[in-house]
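Please load the model in your viewer, show side chains as sticks, and keep a selection box open. The tour moves from one selection to the next and says what is there at each stop.

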Amino acid sequence: MRLIILGLPGSGKGSQSKLISKQFGIPQISTGDILRRAVKEGMELGDKARSYMERGQLVPDALMTELVIQRLEKEDCQQGFILDGFPRTINQAETLDDLLKEKNMALDSVLELQVSDEAVIQRLSNRRLCSRCTADYNLLSNPPKERGICDQCGGSLYQREDDREETIARRLQVYHLQTKPLETYYKDKDVLRIVDAGKGVEEVSSEISDTLRSLPRVASAKG
Ligand code: AP5
């Protein structure tokens, strides 16, 4: 199964992609995670991407498409993948189309997680992550037992640089301007499925499972 997950920052793309990955046994390719790792490890890619990410802007298309093309070449993507955070511009989407066409592959679906700007501002400004094991907490919906400490490994919790109020506002602006047009792009290709992502994580996951099971290729594989 080849999937794209679209949606506002904080709509739950990462949380839901991880669940789909486990359920369907296909890799989650999060361009945000790849970039953050590159920044942390002091790689050249990280040096190039860092200032864009900290300002809540998109990293240039050329860097992103190169990164994704290389990742999709890997063996674990040959039976399918979930793209979480890519494409984010029409230009990226067209490059992906060309690549898939070259490989004689097609997308099964593009899931768009829909949720309000107000809800994602709340989610993102209250997100905290463990600096050791990367566990995800939310001060409102899933707080740690002890303030600032990870329940699972005792590591200290931190706030993502781009989860500060002014940067969240910029990320939302950038999404509406540069990424939202993908909704029409994929609707015209008849692969877009809308998911109500304003509900709890499990309810959203259950709606996604139902949607994916109804896709022709998945339904026919089940017999
Ligand atoms: P990226 O890491 O992809 O950031 P993002 O799209 O802003 O997404 P987030 O990770 O913040 O949110 P999410 O939708 O994955 O939600 P999550 O599940 O984490 O990209 C970061 C940056 O990298 C970009 O700004 C850009 O600079 C660069 N970049 C990446 N890809 C690029 C590309 N293709 N082109 C150019 N630049 C690129 O959940 C968020 C929070 O909400 C968590 O605390 C979670 O626990 C909570 N939550 C999730 N679901 C629910 C729910 N249903 N109810 C309540 N809380 C929930």
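What follows is a walk through a predicted model, beginning at the ligand and ending in the loops.

**The ligand and its shell**

Select the ligand together with its surroundings: 32 residues surround the ligand, and the closest are Ser15, Gln57, Arg88, Arg127 and Arg171. Now restrict the view to polar side-chain atoms, starting with serine 15, where one such atom lies 2.5 Å from an oxygen atom of the ligand. Moving to arginine 127, you will find a polar side-chain atom 2.7 Å from an oxygen atom of the ligand, and at arginine 36 an N or O atom in the side chain is 2.9 Å from a ligand oxygen. If you compute surface areas, the ligand taken alone exposes 1000 Å², of which the protein buries 93%.

Next, colour the shell by secondary structure, since several elements take part: those that give two or more residues to the shell around the ligand are helix H1 (13-24), helix H2 (31-40), helix H6 (117-125) and strand E6 (136-138). Which element gives the largest share of the shell? Select H2, which supplies four residues and with them that largest share. Recolouring the shell by residue class then divides its members into 11 nonpolar, 12 polar and nine charged.

While helix H1 is on screen, select leucine 19, which is placed in that helix and is partly exposed, with a relative accessible area of 33%. For a distance across the fold, draw a line from leucine 19 to serine 141: the two are 122 residues apart in sequence, and their C-alpha atoms are 18 Å apart in space.

**The enclosed cavity**

Hide the ligand and turn to enclosed space. Rolling a probe the size of a water molecule over the atoms shows where empty space is left. How many cavities of 30 Å³ or more does a search of the whole structure find? The search finds one, and about 60 Å³ of space lies in this largest cavity. To display its lining, select Ile5, Leu6, Gly7, Leu8, Pro9, Lys13, Gly85, Phe86, Pro87, Arg88, Tyr175 and Thr179. Two elements, strand E1 (2-7) and H7, give two or more residues each to this lining, and the largest share, three residues, comes from E1. By class, the lining of the largest cavity divides into seven nonpolar, three polar and two charged residues.

Two of the lining residues, Phe86 and Pro87, deserve a separate selection, in which the peptide bond should be labelled with its omega angle. A cis peptide bond joins phenylalanine 86 and proline 87, with omega at about 0°, and proline 87 is placed in the loop between strand E3 (81-84) and helix H5 (90-102). Most residues other than glycine have a negative phi, and most peptide bonds are trans.

**The second largest pocket**

Now select Asp97, Asp98, Leu100, Lys101, Met105, Ala106, Leu107, Lys189 and Val191, which line the second largest pocket. About 160 Å³ of space lies in this pocket, and its lining has five nonpolar, no polar and four charged residues.

From Val191, a member of that lining, follow a contact to serine 109, whose side chain reaches the backbone oxygen of valine 191 at 3.4 Å. Serine 109 lies in strand E4; is it buried or exposed? At 0% relative accessibility, serine 109 counts as buried, because the cut-off for that class is under 20%.

**Loops with a positive phi**

Select asparagine 104, in the loop between H5 and strand E4 (109-114), and label its backbone torsions: phi is positive, about 60°, although this residue is not a glycine. Asparagine 104 is exposed, with a relative accessible area of 73%.

Then go to aspartate 190, found in the loop between helix H8 (181-188) and strand E8 (192-196), where phi is near 65°, again a positive value in a residue other than glycine. Aspartate 190 is exposed, with a relative accessible area of 66%.

**A last stop**

Finally, select arginine 164, which lies in the loop between strand E7 (157-158) and helix H7 (165-179) and, at 36% relative accessibility, counts as partly exposed. Draw a closing line from arginine 164 to glutamate 94: these residues are 70 apart along the chain, and their C-alpha atoms are separated by 32 Å.

How values were computed. Residues numbered from 1 in each chain as written. Predicted model: local features only at pLDDT ≥ 70, side-chain atom pairs only at ≥ 80, totals over all residues. Heavy atoms only, no water. Near = heavy atom within 4 Å. Polar contact = N/O pair within 3.5 Å; in protein donor to acceptor, adjacent residues only side chain to side chain. Areas by Shrake-Rupley, 256 points an atom, 1.4 Å probe, with all protein chains shown as cover. Nonpolar A, V, L, I, M, F, W, Y, C, P; charged D, E, K, R; others polar. Buried < 20%, exposed > 50% of the residue type's maximum accessible area, 1.4 Å probe, protein only. 1 Å grid on protein atoms, 1.4 Å probe; cavity = no way out; pocket = protein on both sides within 12 Å on 5 of 7 lines; lining within 4 Å. Points joined across faces, edges and corners; volume = space filled by probe spheres on them.
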